[in-house]
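Q: Please take a close look at a single part of this structure, one helix and its surroundings, and describe the packing there in a connected account.

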Amino acid sequence: MANLADFKYTMESCNHCGQCKWILPARMKGWDFASVCPLHEFHGFDAYSGQGLIQIAKERLDGKLEYGDGLETLLYACPACGACDINCKSVRDMEVLDTIYALREDCVEAGYLPEPLRRTAANVEETHNIYGKPHSERFAWLPPDFMDDPEADTALFVGCSAYRYPDIALAAIRILRAGGVKFKLLREDEWCCGAPLWRTGQREAAEKLIRRNVDTFRRHGIQTVITACAECFGSFRGGYPRYADTEGLKFKHITQVAAELLSGGKLRLREGDEPLRVTYHDPCMLGRLSEKYVPWDGEIRPYGLHVPEKVWRRGEHGVYEEPREILRALEGVELCEMTRNLEEALCCGAAARDVDPEFAVWTAAERRREAKAAGAQAIVSCCPFCRDALGSDGENALPYLDLTVLLAERLKEEA
């Protein structure tokens with residue numbers, strides 16, 4: 001039964017305090033925007049929460065619960081955004097999100113993976129991207145005269161999202177070139193990062209793909225991988241160490257690189273743009289879920305003492321400041337913060353759209369409502385899937401700006 005037993009301590013230690021559902025009281029500014037679990041806020045039942053999913057995992061482990069009758073839909077409607085996990089750890093150290101991952105592995109082993117996720121997995125297997133597009137078209141957006149540096153030990157990993165949003169990849173290229181960063185593209189050797197597999201519990205397929213990608217990086221002499229996709233970045237940092245040895249590989253998001261270039265005076269920005277008040281949305285996989293995963297194998301003693309000592313992922317060390325540094329550097333841009341930000345940012349809901357589209361649409365609208373309440377004229381982020389959710393028309397529509405594209409557009413043209 002997958003590895004549910006590894007998280008028995010978490011299942012048995014949950015005291016139903018409810019902290020997985022709300023931001024820390026000290027950071028609350030009122031009842032509105034106090035919830036951190038959109039799944040629970042939308043459905044209103046404890047089963048639709050970290051606490052509820054832990055209980056479901058325990059009943060599966062104890063042999064008291066079977067899949068079917070919508071249980072798998074509930075499990076995959078959860079966007080696995082990690083907010084429950086981070087807020088639980090503010091009270092005590094337990095692995096709420098990893099228990100959910102283990103429950104998903106158990107669901108896959110039982111043969112109950114929802115059909116939309118099966119189709120995505122088939123696309124990744126057959127065409128190496130989540131959309132089922134021809135692999136030969138992954139870099140079709142590149143200018144015919146594009147030249148990278150074949151001797152570079154840094155690669156720009158564009159991700160599957162380049163099929164839908166080539167402007168993000170082109171913006172990343174422009175930033176790297178303007179900053180004098182030598183890099184190369186993997187071209188036909190770039191495959192999906194694997195996030196749609198390991199985050200949905202498809203362990204065998206995920207391990208095969210991740211090991212293949214790590215071997216590809218090493219074969220190309222890559223030491224640093226840069227990506228403009230939050231999902232890819234979070235996968236490299238928080239997912240890959242679960243399946244492969246990534247020692248010697250550095251993973252960076254384009255906002256980290258751009259912030260370094262700006263502070264070093266290597267990027268020149270134009271002046272004279274119109275004033276714009278924006279708020280920044282922290283993507284889950286760039287924020288709380290981007291901390292490096294450090295495998296642990298040991299003994300859990302009374303009172304939760306882990307021997308040997310465990311490295312906990314508390315969400316505090318995600319990529320938070322660099323995107324904000326970039327926004328502050330842009331003339332005319334005023335940054336205002338939403339109540340739920342940093343490690344307690346509300347998920348956009350994109351991960352649930354194939355399983356529970358009504359919930360996904362509501363979650364995106366709720367985030368846009370919060371952005372408007374902060375006084376923002378536009379919402380800025382740097383995740384293509386957040387762009388799918390927050391950039392769509394609907395209730396409380398608000399202009400969406402991709403940070404990578406925004407920065408590239410503000411670069412001063414070279415004479």
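A: The account below begins with helix α12 and moves outward to the elements around it. The model is a predicted one.

Helix α12 spans residues 254-263. Most of this helix is covered, with 8 of its 10 residues buried. Those buried positions are I254, T255, Q256, V257, A258, A259, L261 and L262. The elements that cover them include two strands, β2 and β3, together with the helices α8 (166-178), α11 (230-238), α13 and α16 (403-410). After α12 comes G265, which has a positive phi near 70 degrees.

Among these covering elements, helix α13 (residues 321-329) packs against α12 with the axes 8 Å apart and at an angle of about 45 degrees. That angle makes α12 oblique to α13. The two helices cross in the left-handed sense. On the α12 side the contact is made by T255, Q256, A258, A259 and L262, and these meet E322, P323, E325, I326 and A329 of α13. Sorted by class, the residues of this contact are 6 nonpolar, 2 polar and 2 charged. T255, Q256, A258, A259 and L262 are also listed with the buried residues of α12.

Helix α13 in turn meets α16, another of the elements covering α12. The axes of α13 and α16 come within 11 Å and cross at roughly 35 degrees, and this crossing is left-handed. P323, I326 and L327 of α13 are in contact with L403, L406 and L407 of α16. By class, the contact of α13 with α16 holds 6 nonpolar residues, no polar ones and no charged ones. Two residues of α13, P323 and I326, thus take part in the contact with α16 and also in the contact with α12.

The strands on the covering side of α12 come next. Strand β3 occupies residues 250-253, and α12 begins at residue 254. Strand β2 and strand β3 pair in the parallel sense over 4 bridges, and V225 stands opposite F251 of β3. Strand β2 (residues 224-227) directs T224 and I226 one way and V225 and T227 the other, and all of these are buried. In a regular strand, side chains alternate between the two faces of the sheet. Strand β2 is also joined by 4 bridges to strand β1 (residues 154-157), and these two strands run parallel. In that pairing T154 has T224 as its bridge partner.

Helix α16 leads from this region to a second set of strands. This helix lies across β4, β7, β8 (378-381) and β9, and runs at about 70 degrees to β9. These 4 strands form an open sheet with parallel pairing, in the order β7-β4-β8-β9. The edges are held by β7 (333-336) and β9 (400-402), each of which has a single partner strand, so one side of each is left without a neighbour in the sheet. On average, neighbouring strands of this sheet are turned by 40 degrees against each other, with direction ignored.

Within that sheet, strand β4 (residues 276-280) is joined to β7 by 4 bridges in a parallel arrangement, and R277 stands opposite E334 of β7. Strand β4 also contains T279. T279 is buried because its relative accessible area is 0%, and the cut-off for burial is under 20%. Apart from neighbours within four places in sequence, T279 contacts L335, C336, E337, M338, A371, A376, A378, I379 and V380. Of these contacts, L335 and C336 fall in β7 (333-336), while A378, I379 and V380 fall in β8 (378-381). The C-alpha atoms of T279 and Q377 are 8.0 Å apart in space, although the two residues are 98 residues apart in sequence.

In outline, the surroundings of α12 include α13 and α16 as covering helices. α13 meets α12 through residues that include P323 and I326, and α16 extends the picture to the open sheet by lying across β4, β7, β8 and β9.

Terms used. Residues numbered from 1 in each chain as written. Predicted model: local features only at pLDDT ≥ 70, side-chain atom pairs only at ≥ 80, totals over all residues. Heavy atoms only, no water. Axes fitted to C-alpha atoms, helices over the stretch in contact; angles between N-to-C directions. Parallel < 35°, antiparallel > 145°, perpendicular 65-115°, else oblique. Left-handed = near helix turned anticlockwise from the far one by under 90°. Contact = heavy atoms within 4.5 Å. Nonpolar A, V, L, I, M, F, W, Y, C, P; charged D, E, K, R; others polar. Buried < 20%, exposed > 50% of the residue type's maximum accessible area, 1.4 Å probe, protein only. Pairing = 2+ DSSP bridges.
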